[in-house]
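Please find below some notes on the sheets of this structure, written for a colleague who is meeting it for the first time. The points are numbered so that each can be checked in turn.

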Amino acid sequence: MIRAIIRPAISAMLCLSMPLSASAITTMQGKLTVTQVANGFEQPWAIGHLPDGGVLITERDGEVIHLRADGSRIKVADGPQTQETGQGGLLDVMVPRNFAQSREVFFSYVSTERGSVGTALGKGRLSDDGTRFEGFQKIWQMAPHKQTERHFGSRVVEAQDGTIFITIGDRGDRPSAQDRTNHNGTVVRVSRTGAVPPDNPFVNAPDVAPEIYSYGHRNPQGASLDADGVLWVAEHGARGGDEVNKITPGANYGWPVISYGTHYSGEKIGVGTAKPGMEQPLHYWDPSIAPSGMMIYSGKLWPQWEGDIFVGSLRDNYISRLEGPNVFEREKLQSPETGRVRDVVEGPDGAIWFLSVDSGALFKITP
(Lines give C-alpha, C1' and ligand atoms only; values in the text may rest on other atoms or scores of the structure.)
Protein backbone atom coordinates (compact mmCIF):
# COMPACT_ATOMS: atom_id res chain seq x y z
CA MET A 1 0.00 0.00 0.00
CA ILE A 2 1.33 3.41 -1.00
CA ARG A 3 0.62 5.95 1.74
CA ALA A 4 -0.91 9.07 0.29
CA ILE A 5 -0.91 12.80 0.78
CA ILE A 6 -3.87 14.96 -0.27
CA ARG A 7 -3.35 17.73 -2.78
CA PRO A 8 -3.71 20.95 -0.82
CA ALA A 9 -7.10 20.83 0.92
CA ILE A 10 -8.12 23.92 -0.22
CA SER A 11 -13.06 23.33 -2.86
CA ALA A 12 -19.49 37.02 -15.39
CA MET A 13 -21.79 34.29 -14.53
CA LEU A 14 -21.77 31.35 -16.97
CA CYS A 15 -23.70 28.42 -15.57
CA LEU A 16 -24.99 27.67 -12.11
CA SER A 17 -22.19 25.99 -10.14
CA MET A 18 -24.41 24.27 -7.61
CA PRO A 19 -24.75 20.46 -8.03
CA LEU A 20 -26.76 19.84 -11.20
CA SER A 21 -27.37 16.08 -11.22
CA ALA A 22 -26.33 12.87 -9.50
CA SER A 23 -26.02 9.24 -10.55
CA ALA A 24 -24.36 6.05 -9.37
CA ILE A 25 -21.02 4.47 -10.20
CA THR A 26 -20.31 0.81 -9.38
CA THR A 27 -17.03 0.13 -7.59
CA MET A 28 -15.52 -2.51 -5.32
CA GLN A 29 -16.71 -0.27 -2.46
CA GLY A 30 -20.25 -0.69 -3.74
CA LYS A 31 -22.32 1.90 -5.53
CA LEU A 32 -21.06 5.44 -5.01
CA THR A 33 -22.63 8.76 -5.97
CA VAL A 34 -21.35 10.84 -8.89
CA THR A 35 -22.54 14.44 -8.67
CA GLN A 36 -22.16 17.00 -11.43
CA VAL A 37 -20.87 20.17 -9.78
CA ALA A 38 -20.67 22.45 -12.83
CA ASN A 39 -20.73 22.22 -16.61
CA GLY A 40 -20.29 24.34 -19.72
CA PHE A 41 -16.47 24.24 -19.76
CA GLU A 42 -14.41 24.43 -22.97
CA GLN A 43 -11.52 21.93 -22.90
CA PRO A 44 -11.17 21.87 -19.10
CA TRP A 45 -7.69 20.87 -17.92
CA ALA A 46 -7.15 21.13 -14.17
CA ILE A 47 -8.78 21.56 -10.75
CA GLY A 48 -7.44 23.59 -7.81
CA HIS A 49 -9.29 23.62 -4.48
CA LEU A 50 -9.26 26.82 -2.39
CA PRO A 51 -9.43 26.82 1.42
CA ASP A 52 -12.79 28.62 1.49
CA GLY A 53 -14.53 25.83 -0.44
CA GLY A 54 -14.13 27.45 -3.84
CA VAL A 55 -12.55 25.78 -6.87
CA LEU A 56 -10.38 27.07 -9.72
CA ILE A 57 -10.73 25.38 -13.12
CA THR A 58 -8.36 25.97 -16.04
CA GLU A 59 -9.47 25.77 -19.65
CA ARG A 60 -6.97 25.20 -22.40
CA ASP A 61 -8.06 28.34 -24.26
CA GLY A 62 -6.68 30.44 -21.39
CA GLU A 63 -9.69 30.99 -19.13
CA VAL A 64 -9.51 30.50 -15.36
CA ILE A 65 -12.95 29.87 -13.87
CA HIS A 66 -13.59 30.53 -10.17
CA LEU A 67 -16.44 28.41 -8.78
CA ARG A 68 -17.17 30.15 -5.52
CA ALA A 69 -18.36 28.34 -2.43
CA ASP A 70 -21.68 30.19 -2.64
CA GLY A 71 -22.38 28.68 -6.07
CA SER A 72 -21.55 31.73 -8.18
CA ARG A 73 -19.12 31.46 -11.05
CA ILE A 74 -16.83 34.02 -12.70
CA LYS A 75 -13.90 34.25 -15.09
CA VAL A 76 -10.80 35.41 -13.24
CA ALA A 77 -8.97 38.26 -15.00
CA ASP A 78 -5.26 38.93 -15.53
CA GLY A 79 -4.05 35.31 -15.50
CA PRO A 80 -1.41 33.67 -17.71
CA GLN A 81 -0.91 35.13 -21.18
CA THR A 82 -1.07 32.03 -23.32
CA GLN A 83 -2.51 30.68 -26.54
CA GLU A 84 -4.19 27.39 -27.36
CA THR A 85 -1.92 25.60 -29.80
CA GLY A 86 -2.19 21.91 -30.64
CA GLN A 87 -2.09 20.05 -27.30
CA GLY A 88 -1.07 23.18 -25.41
CA GLY A 89 -2.55 26.30 -23.89
CA LEU A 90 -3.41 26.96 -20.27
CA LEU A 91 -2.70 23.68 -18.49
CA ASP A 92 -2.31 22.93 -14.78
CA VAL A 93 -3.21 24.95 -11.69
CA MET A 94 -1.60 24.44 -8.27
CA VAL A 95 -2.82 26.02 -5.03
CA PRO A 96 0.07 25.84 -2.52
CA ARG A 97 -0.29 24.88 1.12
CA ASN A 98 0.28 28.44 2.34
CA PHE A 99 -2.40 29.96 0.09
CA ALA A 100 -4.33 31.32 3.07
CA GLN A 101 -1.33 33.55 3.86
CA SER A 102 0.14 34.22 0.39
CA ARG A 103 -2.93 33.88 -1.89
CA GLU A 104 -0.48 32.80 -4.60
CA VAL A 105 -1.64 30.42 -7.33
CA PHE A 106 0.73 28.66 -9.77
CA PHE A 107 -0.01 27.70 -13.39
CA SER A 108 1.71 25.81 -16.18
CA TYR A 109 0.95 27.05 -19.66
CA VAL A 110 2.31 27.50 -23.16
CA SER A 111 4.54 30.52 -23.59
CA THR A 112 5.64 31.95 -26.93
CA GLU A 113 9.07 33.10 -27.96
CA ARG A 114 9.98 34.25 -31.50
CA GLY A 115 7.39 32.02 -33.13
CA SER A 116 8.16 28.97 -31.01
CA VAL A 117 6.34 27.59 -27.96
CA GLY A 118 7.20 25.82 -24.72
CA THR A 119 5.99 24.99 -21.24
CA ALA A 120 6.21 27.77 -18.66
CA LEU A 121 5.45 28.23 -14.96
CA GLY A 122 3.86 31.40 -13.65
CA LYS A 123 2.22 32.69 -10.50
CA GLY A 124 -0.09 35.46 -9.38
CA ARG A 125 -1.91 36.56 -6.25
CA LEU A 126 -5.64 35.85 -6.29
CA SER A 127 -7.33 39.11 -5.27
CA ASP A 128 -9.26 39.16 -2.02
CA ASP A 129 -12.54 39.21 -3.93
CA GLY A 130 -11.39 36.34 -6.18
CA THR A 131 -11.93 38.22 -9.44
CA ARG A 132 -8.37 38.76 -10.75
CA PHE A 133 -4.73 37.78 -10.37
CA GLU A 134 -2.51 40.54 -9.07
CA GLY A 135 1.09 40.85 -10.26
CA PHE A 136 1.01 37.72 -12.42
CA GLN A 137 4.49 36.84 -13.67
CA LYS A 138 6.24 34.08 -15.55
CA ILE A 139 8.87 32.68 -13.19
CA TRP A 140 10.34 29.89 -15.31
CA GLN A 141 10.19 28.50 -18.83
CA MET A 142 11.64 25.45 -20.53
CA ALA A 143 14.47 25.77 -23.02
CA PRO A 144 14.53 25.58 -25.89
CA HIS A 145 11.10 26.52 -27.21
CA LYS A 146 10.07 24.63 -30.36
CA GLN A 147 7.57 25.00 -33.18
CA THR A 148 5.98 21.61 -32.48
CA GLU A 149 2.52 21.73 -30.88
CA ARG A 150 2.54 18.53 -28.82
CA HIS A 151 3.85 16.89 -25.66
CA PHE A 152 3.95 19.89 -23.32
CA GLY A 153 3.33 17.78 -20.16
CA SER A 154 2.33 19.38 -17.85
CA ARG A 155 1.51 18.93 -14.17
CA VAL A 156 2.62 21.17 -11.32
CA VAL A 157 3.11 19.64 -7.85
CA GLU A 158 4.28 21.30 -4.64
CA ALA A 159 6.95 19.21 -2.91
CA GLN A 160 6.94 18.79 0.86
CA ASP A 161 9.77 21.33 1.16
CA GLY A 162 7.85 23.95 -0.84
CA THR A 163 9.80 23.56 -4.07
CA ILE A 164 7.82 22.88 -7.24
CA PHE A 165 7.88 19.97 -9.69
CA ILE A 166 6.83 20.53 -13.32
CA THR A 167 6.46 17.65 -15.78
CA ILE A 168 7.47 18.33 -19.38
CA GLY A 169 7.04 16.17 -22.47
CA ASP A 170 9.60 15.49 -25.19
CA ARG A 171 7.85 18.09 -27.41
CA GLY A 172 7.72 15.51 -30.22
CA ASP A 173 11.51 15.40 -30.46
CA ARG A 174 12.16 11.87 -29.14
CA PRO A 175 15.98 11.83 -28.91
CA SER A 176 16.02 15.09 -26.95
CA ALA A 177 14.53 13.28 -23.93
CA GLN A 178 18.01 11.76 -23.44
CA ASP A 179 19.79 15.09 -23.95
CA ARG A 180 20.18 16.70 -20.53
CA THR A 181 21.26 20.05 -21.94
CA ASN A 182 17.57 20.82 -22.58
CA HIS A 183 14.33 20.34 -20.63
CA ASN A 184 12.52 18.09 -23.12
CA GLY A 185 11.15 14.89 -21.58
CA THR A 186 11.97 15.80 -17.98
CA VAL A 187 10.62 16.44 -14.55
CA VAL A 188 12.10 19.74 -13.38
CA ARG A 189 12.26 21.14 -9.86
CA VAL A 190 12.44 24.85 -9.08
CA SER A 191 11.86 27.16 -6.14
CA ARG A 192 8.76 29.34 -5.75
CA THR A 193 10.66 32.11 -7.53
CA GLY A 194 11.81 29.86 -10.37
CA ALA A 195 15.38 29.56 -9.07
CA VAL A 196 17.34 26.29 -9.06
CA PRO A 197 17.28 24.51 -5.67
CA PRO A 198 20.84 23.86 -4.51
CA ASP A 199 20.14 20.16 -3.84
CA ASN A 200 18.85 19.30 -7.32
CA PRO A 201 20.61 16.13 -8.58
CA PHE A 202 22.45 17.76 -11.49
CA VAL A 203 23.07 21.19 -10.03
CA ASN A 204 26.86 20.83 -10.23
CA ALA A 205 27.01 18.58 -13.30
CA PRO A 206 28.61 20.05 -16.43
CA ASP A 207 26.45 20.33 -19.55
CA VAL A 208 23.23 19.47 -17.74
CA ALA A 209 20.27 21.84 -17.25
CA PRO A 210 20.34 22.31 -13.46
CA GLU A 211 16.54 22.30 -13.08
CA ILE A 212 16.33 18.65 -14.20
CA TYR A 213 15.14 16.25 -11.50
CA SER A 214 14.63 13.20 -13.75
CA TYR A 215 14.69 12.61 -17.51
CA GLY A 216 13.84 10.13 -20.26
CA HIS A 217 10.08 10.84 -20.12
CA ARG A 218 7.75 10.93 -23.13
CA ASN A 219 4.76 13.03 -22.06
CA PRO A 220 3.89 12.95 -18.34
CA GLN A 221 0.40 14.41 -17.84
CA GLY A 222 -0.30 13.05 -14.36
CA ALA A 223 1.66 13.64 -11.14
CA SER A 224 1.11 13.29 -7.41
CA LEU A 225 3.02 13.00 -4.12
CA ASP A 226 2.71 10.06 -1.78
CA ALA A 227 2.71 10.53 2.00
CA ASP A 228 6.50 10.18 2.09
CA GLY A 229 6.81 13.15 -0.26
CA VAL A 230 7.91 11.02 -3.23
CA LEU A 231 6.71 12.15 -6.64
CA TRP A 232 4.88 9.71 -8.93
CA VAL A 233 3.99 10.42 -12.56
CA ALA A 234 1.74 8.90 -15.21
CA GLU A 235 2.87 9.36 -18.78
CA HIS A 236 1.74 8.66 -22.30
CA GLY A 237 3.50 5.99 -24.29
CA ALA A 238 3.21 5.74 -28.02
CA ARG A 239 1.12 2.77 -29.19
CA GLY A 240 1.04 0.97 -25.85
CA GLY A 241 3.55 1.60 -23.09
CA ASP A 242 1.70 4.20 -21.00
CA GLU A 243 3.55 4.21 -17.67
CA VAL A 244 3.31 4.90 -13.96
CA ASN A 245 6.71 5.81 -12.55
CA LYS A 246 7.99 6.51 -9.05
CA ILE A 247 10.52 9.30 -9.45
CA THR A 248 14.05 8.96 -8.13
CA PRO A 249 16.21 12.12 -8.28
CA GLY A 250 18.61 11.96 -11.21
CA ALA A 251 17.13 8.79 -12.71
CA ASN A 252 16.68 8.05 -16.41
CA TYR A 253 13.25 6.64 -17.34
CA GLY A 254 14.39 5.41 -20.72
CA TRP A 255 12.38 7.15 -23.42
CA PRO A 256 12.96 6.66 -26.37
CA VAL A 257 15.57 3.96 -25.76
CA ILE A 258 13.24 1.56 -23.94
CA SER A 259 9.46 1.23 -23.93
CA TYR A 260 6.72 -1.37 -23.59
CA GLY A 261 4.95 0.14 -26.58
CA THR A 262 5.68 0.49 -30.27
CA HIS A 263 5.75 3.43 -32.63
CA TYR A 264 2.43 4.28 -34.28
CA SER A 265 3.84 2.70 -37.43
CA GLY A 266 4.17 -0.59 -35.53
CA GLU A 267 7.96 -0.44 -35.50
CA LYS A 268 9.96 -1.32 -32.40
CA ILE A 269 11.00 1.49 -30.09
CA GLY A 270 14.69 1.71 -29.25
CA VAL A 271 16.40 -1.43 -27.94
CA GLY A 272 13.35 -3.03 -26.34
CA THR A 273 11.91 -2.98 -22.84
CA ALA A 274 15.03 -2.76 -20.66
CA LYS A 275 18.56 -1.42 -20.58
CA PRO A 276 21.04 -1.11 -17.69
CA GLY A 277 20.94 2.31 -16.08
CA MET A 278 17.33 2.96 -17.10
CA GLU A 279 14.35 2.68 -14.76
CA GLN A 280 11.47 0.26 -15.20
CA PRO A 281 7.89 1.52 -14.85
CA LEU A 282 5.98 0.35 -11.78
CA HIS A 283 3.02 -0.25 -14.08
CA TYR A 284 2.38 0.00 -17.80
CA TRP A 285 -0.72 -0.23 -19.98
CA ASP A 286 -0.76 -2.02 -23.32
CA PRO A 287 -2.88 -1.04 -25.18
CA SER A 288 -2.67 2.59 -24.17
CA ILE A 289 -5.34 4.32 -22.09
CA ALA A 290 -3.95 7.87 -22.65
CA PRO A 291 -3.41 8.66 -18.93
CA SER A 292 -3.91 12.17 -17.67
CA GLY A 293 -4.62 13.51 -14.17
CA MET A 294 -3.32 11.41 -11.28
CA MET A 295 -4.02 11.28 -7.54
CA ILE A 296 -2.77 9.13 -4.65
CA TYR A 297 -5.64 8.70 -2.23
CA SER A 298 -5.50 9.40 1.51
CA GLY A 299 -8.19 6.92 2.57
CA LYS A 300 -10.26 9.65 4.19
CA LEU A 301 -13.67 8.44 2.99
CA TRP A 302 -12.69 4.96 1.85
CA PRO A 303 -9.93 3.58 4.12
CA GLN A 304 -9.53 0.50 1.92
CA TRP A 305 -8.31 2.79 -0.86
CA GLU A 306 -5.59 4.44 1.23
CA GLY A 307 -2.48 4.79 -0.89
CA ASP A 308 -4.18 3.68 -4.10
CA ILE A 309 -3.40 5.54 -7.32
CA PHE A 310 -6.22 6.99 -9.43
CA VAL A 311 -5.47 7.91 -13.05
CA GLY A 312 -7.88 9.37 -15.59
CA SER A 313 -8.11 7.87 -19.08
CA LEU A 314 -8.52 10.16 -22.06
CA ARG A 315 -9.02 7.24 -24.42
CA ASP A 316 -11.09 4.57 -22.69
CA ASN A 317 -13.33 6.83 -20.59
CA TYR A 318 -12.70 5.62 -17.06
CA ILE A 319 -10.68 6.27 -13.92
CA SER A 320 -8.09 3.57 -13.27
CA ARG A 321 -7.57 2.49 -9.66
CA LEU A 322 -4.16 0.93 -9.07
CA GLU A 323 -3.15 -0.88 -5.89
CA GLY A 324 0.31 -1.26 -4.37
CA PRO A 325 2.90 -2.28 -3.52
CA ASN A 326 3.23 -4.01 -6.89
CA VAL A 327 1.09 -1.31 -8.58
CA PHE A 328 -1.47 -3.09 -10.73
CA GLU A 329 -4.80 -1.96 -12.10
CA ARG A 330 -7.35 -3.30 -9.63
CA GLU A 331 -10.51 -1.83 -11.14
CA LYS A 332 -11.97 0.66 -13.57
CA LEU A 333 -14.32 3.32 -12.25
CA GLN A 334 -16.57 3.86 -15.24
CA SER A 335 -19.91 5.56 -15.79
CA PRO A 336 -21.50 7.87 -18.37
CA GLU A 337 -19.78 10.78 -16.57
CA THR A 338 -16.20 9.46 -17.01
CA GLY A 339 -15.81 10.49 -20.65
CA ARG A 340 -12.20 11.49 -21.38
CA VAL A 341 -11.11 12.23 -17.81
CA ARG A 342 -8.55 15.03 -17.84
CA ASP A 343 -7.89 15.60 -14.14
CA VAL A 344 -8.47 13.63 -10.92
CA VAL A 345 -7.90 15.17 -7.47
CA GLU A 346 -8.88 14.53 -3.86
CA GLY A 347 -11.04 17.19 -2.28
CA PRO A 348 -10.66 18.48 1.27
CA ASP A 349 -13.25 16.04 2.62
CA GLY A 350 -11.86 12.99 0.78
CA ALA A 351 -14.30 13.11 -2.14
CA ILE A 352 -12.80 12.30 -5.55
CA TRP A 353 -13.21 15.15 -8.05
CA PHE A 354 -12.66 14.80 -11.79
CA LEU A 355 -13.00 16.75 -15.04
CA SER A 356 -14.57 15.24 -18.15
CA VAL A 357 -13.56 16.70 -21.49
CA ASP A 358 -16.43 14.95 -23.29
CA SER A 359 -19.13 16.59 -21.20
CA GLY A 360 -17.18 19.74 -20.34
CA ALA A 361 -18.15 19.19 -16.72
CA LEU A 362 -16.77 18.91 -13.19
CA PHE A 363 -17.90 15.95 -11.06
CA LYS A 364 -17.25 14.56 -7.60
CA ILE A 365 -17.58 11.02 -6.25
CA THR A 366 -18.92 10.58 -2.71
CA PRO A 367 -20.31 7.64 -0.67
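1. In what order do the four strands of the open sheet that includes strand 3 lie? The model is a predicted one, and in it these strands follow the order 3-4-5-6, with antiparallel pairing.

2. At the edges of this sheet stand strand 3, residues 44-49, and strand 6, residues 73-75. Each of them has a single partner strand, so one side of each is left without a neighbour in the sheet. From one strand to the next, the twist averages 20 degrees.

3. Looking more closely at one pair, strand 3 and strand 4, the latter made of residues 55-59, run in the antiparallel sense and are joined over five bridges. Within this part of the sheet, Gly-48 has Leu-56 of strand 4 as its bridge partner.

4. As background to these pairings, strands of a sheet pair through backbone hydrogen bonds, and they may do so in either a parallel or an antiparallel way.

5. An open sheet is also formed by four strands in the order 15-16-17-18, and here the pairing is antiparallel. Strand 15, residues 220-225, and strand 18, residues 283-285, are its edge strands, each pairing on one side only. Neighbouring strands of this sheet are turned against each other by 15 degrees on average, with direction ignored.

6. Which residue of strand 18 does Glu-243 stand opposite? Strand 17, which covers residues 242-246, pairs with strand 18 in the antiparallel sense over three bridges, and the residue opposite Glu-243 is Tyr-284.

Definitions and conventions:
Residues numbered from 1 in each chain as written. Predicted model: local features only at pLDDT ≥ 70, side-chain atom pairs only at ≥ 80, totals over all residues. Heavy atoms only, no water. Pairing = 2+ DSSP bridges. Helix = DSSP H or I, 4+ residues; strand = E, 2+ residues; numbered from the N terminus. Axes fitted to C-alpha atoms, helices over the stretch in contact; angles between N-to-C directions.
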